[in-house]
Amino acid sequence: MTPARHWKMLWQAVLVWFGFWLAGLPHYYQQYSTLLLAIGCSLLSVLISLGAVYILARAKPATRRSRAFWISLYYTVPFAILDTLYCGVYLGHGESYLWKYWYLTLFYFTPWMTFPPTVWALERSAKAGR
């Protein structure tokens, strides 16, 4: 991947984080019940899974693994850094924000549990279709 593409993905991720941050105001989703947060997380997980299939199925087979890796990296590491700065430092929760804002922590792992396995499933499906 070119340096320009890395910067583009980084900025996309930061903008997505900012959008989620704005949508979570005034209390970064703490104003919602655990049930609503769980439903929202479930729906978002389904959308991420569908997005993984869509994005990776369109990629060249030779680039799927690296694409899955970079998407997973750029949609977890910046989120964790920005959430740590906001929740851990600015709001003063320290590392306890990982439990208080469990629905954020969940999505630090979701892309890693979605994109690489989707590559595996697509490769397996392609082999079975031959």
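Trainee: Which residues touch the most other members of the largest nonpolar core?

Mentor: In this predicted model, the largest nonpolar core holds 16 residues, and W17, Y28, Y86, C87, Y101, Y103 and L104 are the ones that touch the most other members. Helices α1, α2 (34-58), α4 (77-90) and α6 each contribute at least two residues to this core. A second, separate core has nine residues, among them M9, Y74, V119 and L122.

Trainee: What makes L104 a buried residue?

Mentor: The relative accessibility of L104 is 10%, and the cut-off for buried is under 20%; L104 therefore counts as buried. This residue belongs to helix α6, which spans residues 102-106.

Trainee: Which residues does L104 touch, not counting those up to four places away in sequence?

Mentor: They are Y28, D83 and C87. Y28 is 76 residues from L104 along the chain, yet the C-alpha atoms of the two are separated by 9.6 Å. Another core member, Y101, is in contact with H27, Y28, Q30, C87, L91 and H93 when its neighbours within four places in sequence are left aside.

Trainee: How many aromatic pairs does a search of the whole structure find?

Mentor: The search finds 15 aromatic pairs. One of them joins W17 and W21.

Trainee: Why is the pair of W17 and W21 called stacked?

Mentor: Two criteria are applied in turn. The ring centres are 6.3 Å apart, and a pair requires centres within 6.5 Å. The planes stand at 15 degrees, and stacking requires planes under 30 degrees apart. Both conditions are met, so the pair is stacked.

Trainee: How are W17 and W21 placed along helix α1?

Mentor: Helix α1 covers residues 3-23, and the two residues are four apart in that helix, which means that about one helical turn separates them. W17 has a relative accessible area of 10%; the limit for buried is under 20%, and W17 is therefore buried.

Trainee: Which residues do ring pairs link into a cluster with W17?

Mentor: The cluster also contains F18, W21, Y28, Y29, Y32, Y86, Y90, Y101, W102 and Y103.

Trainee: How do you know that S72 is buried?

Mentor: S72 has 0% relative accessibility, and the threshold is under 20%, so S72 counts as buried. S72 lies in helix α3. Leaving aside neighbours within four places in sequence, its contacts are P111, W112, F115 and P116.

Trainee: Which residues lie closest to the centre of the largest pocket?

Mentor: The largest pocket encloses about 900 Å³ of space. Its lining comprises 34 residues, of which V16, F20, I48, Y75 and F79 are the closest to its centre. Helices α1, α2, α3 (64-74), α4, α6 and α7 (110-128) each supply at least two lining residues. The largest share, ten residues, comes from α2.

Trainee: What is the secondary structure of the chain as a whole?

Mentor: The chain has seven helices and zero strands. Of its 130 residues, 30% count as buried. Among contacts with a separation of 6 or more, 71% are between residues 24 or more positions apart. The chain exposes about 8400 Å², with carbon and sulfur atoms supplying 71% of that area. Along the principal axes, its C-alpha atoms fill a box of roughly 55 × 35 × 20 Å.

Terms used: Residues numbered from 1 in each chain as written. Predicted model: local features only at pLDDT ≥ 70, side-chain atom pairs only at ≥ 80, totals over all residues. Heavy atoms only, no water. Phe/Tyr/Trp six-rings, centres within 6.5 Å; stacked < 30°, edge-to-face > 60°. Buried < 20%, exposed > 50% of the residue type's maximum accessible area, 1.4 Å probe, protein only. Contact = heavy atoms within 4.5 Å. Areas by Shrake-Rupley, 256 points an atom, 1.4 Å probe, with all protein chains shown as cover. Core = buried A, V, L, I, M, F, W, Y, C linked by side-chain atoms within 4.5 Å. 1 Å grid on protein atoms, 1.4 Å probe; cavity = no way out; pocket = protein on both sides within 12 Å on 5 of 7 lines; lining within 4 Å. Points joined across faces, edges and corners; volume = space filled by probe spheres on them.
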